[in-house]
Amino acid sequence: MSDTQDWKPSANPWLVAIVVTLGAFMEVLDTTIVNVSLPHIAGSLSVSSDDATWTLTTYLVANGIVLTISGALSRRIGRKRYFLICIAGFTATSFACGISTNFEEILLFRALQGLFGGGLQPTQQAIVLDYFPPEKRQQAFSITAIAIIIAPVIGPVLGGYLTDQYSWHWIFLINVPIGIATLFGVLALVEDSPAIEQAKRTAPRFDYLGVIFIALALGCMEVGVDRGEDYDWLGSTFIRVMFILSAGGYAFGIAYLLYVRNPVVNLRVFKDRNFALATFEIGMMGFVLYASAVLIPQFAQQQLNYTATWAGLALAPGAVVLTLLIPVAGRILNLVPTKYVIAAGGLSLAVALVYSMNLVPELDFYHLVLFRAAQTAALALLFVPISTIAYATVPPQLNGDAAALFTMSRNVFGGIGISISTALITDHQQIRQSYLVHNLTPTNQPYDVLLQQVQQGLTNVGQAAGQAQAEINQMLQGQVAVLAYNDVFLITAGLALFIIPAALLMSGIKTKSGGGAH
């Protein structure tokens, strides 16, 4: 332990933090950059939109599994070497995705991309923990926050622009130069601490059975949630089987991982109260972050007829707001116990999501930007405080497992947020329509007045008055959609409120940038 405490890295820790965060940024970006390009991928490869969604599902499944076991893998082969393997593999499979010529190829390469990408985020966090003492981590995680939170925001912007201006292939090919630059940066700057070298020499036999349980639990859950809407949820035998396998994987996996002497991931890290609560909070934040990052561009494209580029640009100012507010959040942490900052962040996020319920059929670009900026402003009070307090009292030897589980929670909940929010939009459109359609009857005077006005308007422009009913039905669909999106924002606001009691249950420490956790 004394060797670890006395170890001084040869490279500048801040430079290392920037380089390794670049790798994590590239991976997070790939989680959302594909969303806006799915219709183009489907058309180019001659598959249905439903089939094209599997390119997202395969990535998320492989990614979620590797996220959890990345701590064990980095212990066996060293953090630096594992990070290099992940960067090289992710870059190579990104290139392979970009030159894919058929659907089977892109599915295979997306799965491999998820496998290699899964190790980037937790290993990046673990390297930051190795290089920075507790009193410096708050500032280091500020760099991480800008990348991890902004990547899902600019993903749709960049994906939309590349797809509109060039082709969907470039959403993958853009990773290649970033990956190569990161690879050389890590080679030149990153080194393993003596503790990592010691762990590599004394690493126990790899726990393959634990990996199988994790693959069943997370993999089947991701498939079930991601494909549930298309397969009619529990009305489908396939989805029921997925959820049963996932439940079995969780039940037997947790029991096994707590019992075995050298598990692939050490769940005993959850004995640390701050870490357990922070993992729940970052999961809730991930759910809301990813869901809202998909809802606004989707609303803009489907209801306001924006191009993919303009739909993504509606999110961009929010990224600027977040970048400006993260240093402010750091100053607040110097003065206020971290748990109260997190609770304020949860409340702010809930209020911002309720504010976002002011969607209307002809919403202007300014208000769309304003809604997203309010949401991202609240995130500034969440990511850095949660990340800092999560590791404040975790023993250094458990940093690898803690980083893997913490990152897994954010990403898995984020993927679920995308799937659930999209499914809720469809369900609430049906619910809202079933209520509003009762107003479209001849006995309803406002409807009669509207019908006459629309008929007169069509006659004035030389069109058949008989089209009036179709015009009104189109208005109905637009209003139904707006109400459905507002409903989902309300639901996500309710989820954000769960962060508050979780935060208040944490210990009342201050994670000062100059003095560690007190």
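This is a short tour of a predicted model, stop by stop.

**Stop 1: the largest cavity**

Start inside. The whole structure holds four cavities of 30 Å³ or more. Go to the largest cavity, which encloses about 70 Å³ of space. Select Glu-27, Thr-31, Tyr-59, Leu-60, Asn-63 and Gly-64, then add Glu-222, Tyr-290, Asn-411, Val-412, Gly-414 and Gly-415. That selection is the lining. Now colour by element. Helix H2 (13–33), helix H5 (54–77) and helix H21 (399–436) each give two or more residues to this lining. Colour by residue class next: four lining residues are nonpolar, six are polar and two are charged.

**Stop 2: the second largest pocket**

Keep H21 on screen. The second largest pocket has a volume of about 800 Å³. It is lined by 28 residues. To centre the view, select Asn-35, Leu-38, Gln-298, Gln-302 and Thr-422, the lining residues closest to the pocket's centre. Which helices supply at least two residues of this lining? Show helix H3 (38–44), helix H4 (49–52), H13, H15 and H21. H21 provides the largest share, seven residues. By class, the lining divides into 13 nonpolar, 11 polar and four charged residues.

**Stop 3: the Phe-213 and Tyr-256 pair**

Turn to the rings. A search of the whole structure gives 14 aromatic pairs. Select Phe-213 and Tyr-256 first. Their ring centres are 5.6 Å apart, with 50° between the planes, so the pair counts as tilted rather than stacked (under 30 degrees) or edge-to-face (over 60). Phe-213 sits in helix H13 (residues 208–227) and Tyr-256 in helix H14 (residues 237–259), so this contact ties together parts that are 43 residues apart in sequence. Are these two residues buried or exposed? Both Phe-213 and Tyr-256 are buried.

**Stop 4: the aromatic cluster**

Move on to Phe-275 and Tyr-391. This pair is also tilted, at 6.4 Å centre to centre and 45° between the planes. Phe-275 belongs to helix H15 (residues 273–302) and Tyr-391 to helix H20 (residues 383–392), so the pair joins parts 116 residues apart in sequence. Phe-275 and Tyr-391 are buried too. Now widen the selection with Phe-141, Phe-270 and Phe-406. Together with Phe-275 and Tyr-391, they form one aromatic cluster.

**Stop 5: helix H8**

Select residues 120–131, helix H8. Put a distance between its end C-alpha atoms: they are 16 Å apart. At 1.5 Å a residue, the 12 residues should span 16 Å, so the two values agree. Switch on the surrounding surface. Of the 12 residues, 11 are buried, so H8 is largely enclosed by the rest of the structure. The buried set runs through Leu-120, Gln-121, Pro-122, Thr-123, Gln-124, Gln-125, Ala-126, Ile-127, Val-128, Leu-129 and Tyr-131.

**Stop 6: the cysteines**

Finish with sulfur. How many disulfides does the structure hold? It holds zero. Select Cys-97 and Cys-86 to see one reason. The closest cysteine sulfur to that of Cys-97 is in Cys-86, 16 Å away, which is too far for a bond; a disulfide needs the sulfur atoms within 2.5 Å. Cys-97 is buried, with a relative accessible area of 0%. Last, select Cys-220. Cys-220 is buried as well, with a relative accessible area of 10%.

Notes. Residues numbered from 1 in each chain as written. Predicted model: local features only at pLDDT ≥ 70, side-chain atom pairs only at ≥ 80, totals over all residues. Heavy atoms only, no water. 1 Å grid on protein atoms, 1.4 Å probe; cavity = no way out; pocket = protein on both sides within 12 Å on 5 of 7 lines; lining within 4 Å. Points joined across faces, edges and corners; volume = space filled by probe spheres on them. Helix = DSSP H or I, 4+ residues; strand = E, 2+ residues; numbered from the N terminus. Nonpolar A, V, L, I, M, F, W, Y, C, P; charged D, E, K, R; others polar. Expected span 1.5 Å × (residues − 1). Buried < 20%, exposed > 50% of the residue type's maximum accessible area, 1.4 Å probe, protein only. Phe/Tyr/Trp six-rings, centres within 6.5 Å; stacked < 30°, edge-to-face > 60°.
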